[in-house]
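The report below describes selected parts of one protein chain, taking a helix pair, two sheets and a single loop residue in turn. The sequence and the structure come before the description.

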Amino acid sequence: MRIKTKRLRKFTYESLEPRFVMTAEGSVFSLQQSYDTSGLGGNVSGVVEWGDGLTAPLAIGNQTGLGSLRFRFDYSLDSSGFFADSQRRQILQNVADSITSKLSDTLQAIVPSGASTWTATFPDPSTGAAASRLNLTVNANEILVFAGARSMGNTRGLASRGGFRNAGSTQEFIDIVRARGQTGALSNPATDFGPWGGSLSFDSVSNWHFGADTIGLDANEFDFATAAGHELIHLLGFGLSPSFDAKLVGGGFAGANAVAVAGVSPVPMADSDHFSASVLVNGQQAIMAPQIDNGLRRLPTRLDFAALQDVGWQFNSQTVQVSASHTFGDNANFNANVRLRGSLYGERVYPLSIGITNVAPTQSVTTNRSTAQGVPISISRIAQFTDPGFGAPNATPPLAESFSYSIAWGDGSPNDSGSATIESLGSAGNLTRGFFDGTHTYAAIGSYVVTVTVQDDDGGVTQQQFTIQVTPPPELRVSVDRQSVTEDAGQNAANFIVQRIGFDLGSSLSVNLTSSDTSELTLPANAVFPVGIDTIQVPIHAIDDSLLDGSIAVQLFASINAIQSLPIVMNVLDRESLLLSASRLVFGEHEGAGVSVLTVTRSNTDTDQPLTVQLISNDPSEATTLVSVTIPAGQQSTTTGVTAVDDNLFDGPQSVRITTSEARYSDAFVDLTVTDYQPIAIVPMKTRLSEEEPDNRSTQTRVEIRSPAPAGGIAIQLSTSVPRQLTLPASVVIPAGQTSAEFLVSLVDDFIPQGERSARIFASGDGLVAATVDLVLTDADPAYWTNLREPKDVNDDNLIDALDVLDVVNSLNRLGAIVLNPNRDLDLSFVDTNRDGIMDSLDVLLLVNFINSRG
């Protein structure tokens with residue numbers, strides 16, 4: 001049988017006409033639309049690009065199941081290795097599956113056996129020569145295609161319908177080979193088509209693009225997927241089947257389905273195998289036009305598949321229902337795209353022009369107000385507004401919301417205008433919110449209607465009114481809570497009270513505060529009346545100017561623009577001071593004149609006049625000074641001396657205050673302490689005592705003070721530097737009214753050879769000056785236990801060694817540390833190596849240290 005072939009030539013493409021859908025900014029735009037999926041293989045997914053820089057996934061409905069038919073490609077004759085690359089095979093299979101997924105037909109299997117034999121005939125795809133295969137088995141719902149490539153000049157691809165010969169003996173098997181169960185393919189004229197397959201060749205030297213999508217498809221490349229789809233539709237009978245040929249009428253194709261889609265009968269053909277390039281459906285050229293353009297991918301259209309329906313193929317639904325919703329933040333004509341993609345192959349973009357209309361803002365104005373003539377009225381948030389728009393910052397170019405306002409105050413003055421404040425930019429479901437303020441001063445009394453207008457950047461306008469009642473001019477009244485203050489009163493010395501009368505209490509109000517002499521009194525520069533408050537109180541601060549300037553009258557007043565209060569007068573009393581200090585605050589009554597130096601200092605800085613200051617001692621029996629001193633002109637201070645007075649009384653420390661006095665100054669004082677001077681004297685009857693002379697072993701001793709003791713007497717504490725050698729009482733008491741007391745001092749005869757030495761006696765008492773006296777002590781005791789030849793030779797063997805140490809240690813272990821007594825211890829050796837009359841560890845230590853020092 002004759003095998004029809006076709007050749008690809010260049011064909012063109014036009015955009016789809018956009019659809020317009022209108023809604024308002026800030027409102028939900030709902031997309032519910034059916035779209036043709038003819039060029040998309042497999043399950044369909046998609047997104048919508050809203051045109052404002054945002055995208056959203058589409059909900060896809062009405063998807064039908066995939067058909068069971070499938071192309072099976074045999075590459076056994078691909079001698080050039082064109083399809084050795086698995087990516088090329090995969091692209092070809094995806095394109096084939098995307099087409100067969102649309103078909104709902106079924107094809108019977110061709111299974112030769114016994115006498116049912118056949119030979120498949122077809123052109124070799126790599127050479128173009130006739131080729132055959134004996135007893136091919138073709139599975140049910142399968143179309144077998146031998147694929148390859150060769151150089152074909154300007155022809156990009158060539159599909160050849162498969163034939164057969166020598167079919168088996170039964171008509172049933174022959175019909176299966178001819179029609180695959182499609183009975184219409186056996187009728188005359190044919191109304192259906194059931195091929196076993198054929199061959200498919202591609203030009204091996206063309207510059208192909210083998211991508212799954214159009215990324216990287218250059219202008220000098222031919223899209224392999226487009227060529228493959230074109231040729232596979234040929235293999236399904238477009239131009240290659242009796243049922244197609246039966247509908248060719250007068251240079252056109254008269255298939256009912258194709259005519260219905262194209263809207264013209266017959267559908268113009270370029271030749272018997274291709275639609276005319278002039279035929280557009282929804283602005284799109286059919287893939288079965290005669291040419292393929294380089295740099296461009298085409299997908300099958302509804303017209304292409306309608307022609308296959310006329311060949312006899314049955315199709316699943318070619319449309320899906322998509323839905324999505326979006327809120328546009330500004331008005332514009334947005335060029336949106338519905339982008340659909342097949343899971344197997346193909347992508348289609350459907351432009352959609354969405355018209356979004358502007359919505360005028362909604363405004364609310366303040367309540368009616370009142371104000372005074374000539375006084376500014378400031379209204380915070382004179383109007384607040386909302387708007388459903390919130391801009392489209394991601395659009396190209398970006399769109400932003402802005403608002404302007406105009407205020408007509410109703411008194412003929414020029415309108416106030418400006419840009420309103422957006423305090424919160426809206427979003428989907430949330431309004432944009434903003435406000436603006438207004439300030440105005442009315443020159444005349446009356447009732448005025450204020451017209452407030454807000455307009456968005458797209459001309460949406462809203463307007464409202466309210467009334468302002470203008471009353472006679474207001475006034476300010478001031479007072480103070482005291483008539484005078486001293487200049488040294490400092491911060492918050494008094495309170496300044498301001499009352500507003502006739503002002504609008506519905507607004508806060510700032511008032512200026514002024515002092516006529518800020519070197520005496522200061523006020524804050526301004527204060528604010530809160531909303532609803534007519535009286536405020538602010539602090540007055542006194543300034544110490546350090547000048548001797550007497551009382552100063554200062555005027556205080558308040559003002560708001562041209563409105564000024566009458567002044568209130570406050571007197572500032574001069575408050576200069578004197579400072580009195582002393583070089584010594586504590587001294588003895590016996591120290592006499594000049595014991596301390598007083599410094600008198602004046603605080604004021606204007607010292608061009610001399611200043612005489614009286615000095616007063618509250619107890620001249622203890623301390624005195626000059627009756628007055630004069631600070632010379634040009635000087636800040638002067639000095640004078642203090643004289644201590646010795647009253648010869650046993651009266652302890654006395655406090656004396658010396659005070660300044662000058663009528664124009666605040667007084668100063670200094671507190672002094674005059675200590676009592678009571679020295680102790682120790683008077684022994686004997687100053688030399690001897691252990692060997694019983695009559696000279698003790699002496700009567702007297703302690704004396706210069707003033708009679710007070711009631712209760714005076715206790716004198718006694719001690720000695722040699723408590724082992726001298727005995728005396730721990731204390732004695734000088735009776736009240738007396739100046740002395742006696743006590744006995746005794747020398748202890750201790751048998752220790754000490755020779756002549758000195759001893760000291762100490763006497764002290766509360767409030768008394770301590771005293772000491774020295775005595776001479778003598779002793780004739782022999783050194784019984786010290787070797788006079790060599791004190792460290794304990795055993796008198798002319799050696800100093802460990803035996804000497806052992807001798808002392810043994811004696812210590814036996815007797816312990818003792819004061820040596822000739823009545824008891826004469827049997828001991830020379831154990832007192834340090835000759836202190838005592839046997840103890842010090843004697844051992846002296847020996848050990850000596851022996852160690854010799855090595």
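Contact here means heavy atoms within 4.5 Å. The model is predicted, and the values that follow should be read as computed from that model.

**A helix pair**

In that sense of contact, Ala-802, Asp-804, Val-805, Val-808, Val-809 and Leu-812 in α7 meet Ser-841, Asp-843, Val-844, Leu-847, Val-848 and Ile-851 in α8. Sorted by class, the contact of α7 with α8 has nine nonpolar, one polar and two charged residues. Helix α7 covers residues 802–815 and helix α8 covers residues 841–854, and the two pack at an angle of about 165° with their axes 10 Å apart. Because of that angle, α7 is roughly antiparallel to α8, angles over 145 degrees being counted in this way. The crossing of α7 and α8 is left-handed.

**Two open sheets**

One open sheet is formed by five strands, which follow the order β47-β49-β45-β43-β51 with mixed pairing. At its edges stand β47 (623–624) and β51 (665–666), each with a single partner strand, so that one side of each is left without a neighbour in the sheet. Another open sheet is built from four strands in the order β33-β35-β39-β37, and here the pairing is antiparallel. Its edge strands, β33 (475–480) and β37 (521–522), each pair on one side only.

For each sheet, the table takes one pairing that involves an edge strand.

| Pair of strands | Sense and bridges |
|---|---|
| β43 (residues 576–582) and β51 | parallel, two bridges |
| β37 and β39 (residues 535–542) | antiparallel, two bridges |

Within the pairing of β43 and β51, Ser-577 stands opposite Ser-666 in β51. In the pairing of β37 with β39, Leu-521 stands opposite Ala-542 in β39.

**A loop residue**

Is Tyr-75, a residue of the loop between β6 (70–74) and α1 (86–100), buried or exposed? Tyr-75 has a relative accessibility of 16% and therefore counts as buried, the cut-off for that class being under 20%. Once its neighbours within four places in sequence are left aside, Tyr-75 is in contact with Phe-83, Arg-89, Leu-92 and Ala-147. The C-alpha atoms of Tyr-75 and Phe-146 are separated by 6.0 Å, although these two residues are 71 residues apart along the chain.

Definitions and conventions
Residues are numbered from 1 along each chain as its sequence is written. This is a predicted model: local features need pLDDT of at least 70, side-chain atom pairs count only at pLDDT 80 or more; totals for chains, interfaces and linings use all residues. Side-chain values use heavy atoms; hydrogens and water are left out. Axes are lines fitted to C-alpha atoms, for helices over the stretch in contact, and angles run from 0 to 180 degrees between N-to-C directions. Angles under 35 degrees count as roughly parallel, over 145 as roughly antiparallel, 65 to 115 as roughly perpendicular and the rest as oblique. A crossing is left-handed if the near helix is turned anticlockwise from the far one by less than a right angle, and right-handed if clockwise. Ala, Val, Leu, Ile, Met, Phe, Trp, Tyr, Cys and Pro count as nonpolar, Asp, Glu, Lys and Arg as charged, and the others, Gly among them, as polar. Two strands pair if DSSP finds at least two bridges between them. Buried means under 20% relative accessible area, exposed over 50%, partly exposed in between (1.4 Å probe, protein chains only).
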